[in-house]
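Here is a short briefing for a first look at this structure. It covers how the chains meet, how they are related, and one helix in particular.

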Number of protein chains: 2
Amino acid sequence: MPPTKATAKAEETGLKILDSALTLFREEGFDTATMRDIAVKAGVATGAAYYYYPSKDAIVMDFYQRACAEMQPKIEAALEHANTLETRLRELIRVKLVHFAPNRSVLRALLRNGADPKHPLSPFSPETKAIRDVDIAWFRKILDDCGTRIPRDLEPRLPGVLWFFQMGVIFFWVIDESPNQSRTAKLLDLASKSVATLVKVSALPLMRPVRKSALQLIEVVKGD
Amino acid sequence: MPPTKATAKAEETGLKILDSALTLFREEGFDTATMRDIAVKAGVATGAAYYYYPSKDAIVMDFYQRACAEMQPKIEAALEHANTLETRLRELIRVKLVHFAPNRSVLRALLRNGADPKHPLSPFSPETKAIRDVDIAWFRKILDDCGTRIPRDLEPRLPGVLWFFQMGVIFFWVIDESPNQSRTAKLLDLASKSVATLVKVSALPLMRPVRKSALQLIEVVKGD
DNA sequence: CGTTTGTTCTGAACGCGTTCAAAATAGTCC
DNA sequence: GGACTATTTTGAACGCGTTCAGAACAAACG
């Protein structure tokens, strides 16, 4: 959102800038749309955009936050009709892809900097922690009552791992140029099934050493 | 390398520009070092740098290519003393980390754009295919005579998968801010062991369905 | 009403990567 | 040597994201 401003008129200007930006991003891509274009389209001076958003990236961030908020009820609805871990995982992620679909290229601009956790736009940055926590809570939820027994030692780590898995799928989707992103659809089907199976299998007594190794790895990756 | 120029003096100028750039990148980071700085340090005008390199990124690319070439004998040496899949995998990757260590931040600039396969600097781009192929050949080699039996169906895909695994480790290393990148060291140890175990286990008759699923996934991700 | 204080907006300017017409230099042939 | 071509180098200029001093406007108070 444009950071809360005093007057109603200001609120409106902020939204106008956001709207102009997103339209231009969609129409001609993030890089091609310049801050000057955005300002002109919103009917303000270049500098005005910076009164509402500290940077071009921040506009994308705002879009991302709003999108996440809008998605919450959609996610809830999608999970109603899904009971198994596999279907819940798949539907949860599918809701996001569908919701982001019209703005796939905007998301690409965001995930470009996914590399650097120091970058404010990274899905791993402190700035995005709030969103991440909400996301991860959903994965905890779908593990909670899915009928699959989760090993005690895996339980606290698994939501985060599934979130990471989700980021991988979204990332793949963003760069997937196949018609209608059909490759991602296939990937999501296959991967959801595999992940669900893996979780199930990981509970077998025989798998204890494998699970312990995996947990060690997770610990190293997460620990900082 | 600076694209082949006619005179020896030109060759030298090109190297001077490369050298100045890398020094500045190391000293103050990729973003802070400007093309003007680089040119001044090399004793030429700003535009001269663009006679040798089409972009700032291209300098990093050149560094990367040279580094890969220099690494070949080091890799060969490292593999002499390693016989198991686990140790070979670990040593192969370790050689790269050690070699890149003084220029970790330069590599970071390169991997920043790893996201977009359309970006020329991406490790997945057509522009980097030659390097990638050489890399993958090494992974084929360490699978060849490591004493572990590789399932027939997995064999053609596995080198690419291991290369991808390597990119993951390098990526983690590049953003690893722990002292001396000790977390990466731990990760590399654990992950090499796990990967080697996985490969071994994947050959068991019991694991056939799991392996087939994994292969399907690989197919979807690679196929384009 | 005028003054004052805070909010919103302006547009010129900065530093960056990059481009390019033209100048300087080197190489070649008579 | 001089004339002509190809290579190398220059530095001003462009478009971008961003900054900032101050103009314009609104609200509150006397």
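The points below are grouped by topic.

This is a predicted model. In it, 18 residues of chain A are in contact with 18 residues of chain B. Chain A can be laid on chain B by a turn of 180°.

**Where the chains meet**
- On the side of chain A that touches chain B, two or more residues each come from α9 (182–201) and α10 (208–222) of chain A.
- The most come from α9(A), which gives six residues.
- By class, this side of chain A has ten nonpolar residues, four polar ones and four charged ones.

**How the copies are related**
- Laying chain A on chain B gives an RMSD of 0.0 Å, with a shift of 0.0 Å along the axis.
- The two copies are therefore related as by a two-fold rotation axis.
- Both copies use the same surface: of the contact residues of chain A, 100% recur in chain B.

**A closer look at α9(A)**
- The helix α9(A) has 20 residues, so at 1.5 Å a residue it should span 28 Å.
- The end C-alpha atoms of α9(A) are 29 Å apart, which agrees.
- Buried residues in α9(A) are Thr184(A), Leu187(A), Leu188(A), Ala191(A), Ser192(A) and Val199(A).
- These buried residues cover an arc of only 130° around the axis, so they sit on the same side of α9(A).
- What covers them includes α5 (85–100) and α8 (158–175) of chain A.
- The cover also includes α10 (208–222) of chain B.

Definitions and conventions: Residues numbered from 1 in each chain as written. Chains lettered and ligands numbered in written order. Predicted model: local features only at pLDDT ≥ 70, side-chain atom pairs only at ≥ 80, totals over all residues. Contact = placed C-beta atoms within 7 Å. Helix = DSSP H or I, 4+ residues; strand = E, 2+ residues; numbered from the N terminus. Nonpolar A, V, L, I, M, F, W, Y, C, P; charged D, E, K, R; others polar. Least-squares fit on C-alpha atoms with pLDDT ≥ 70 in both. Expected span 1.5 Å × (residues − 1). Buried ≥ 20, exposed ≤ 12 C-beta atoms within 10 Å, placed from the backbone. Arc of directions from axis to C-beta.
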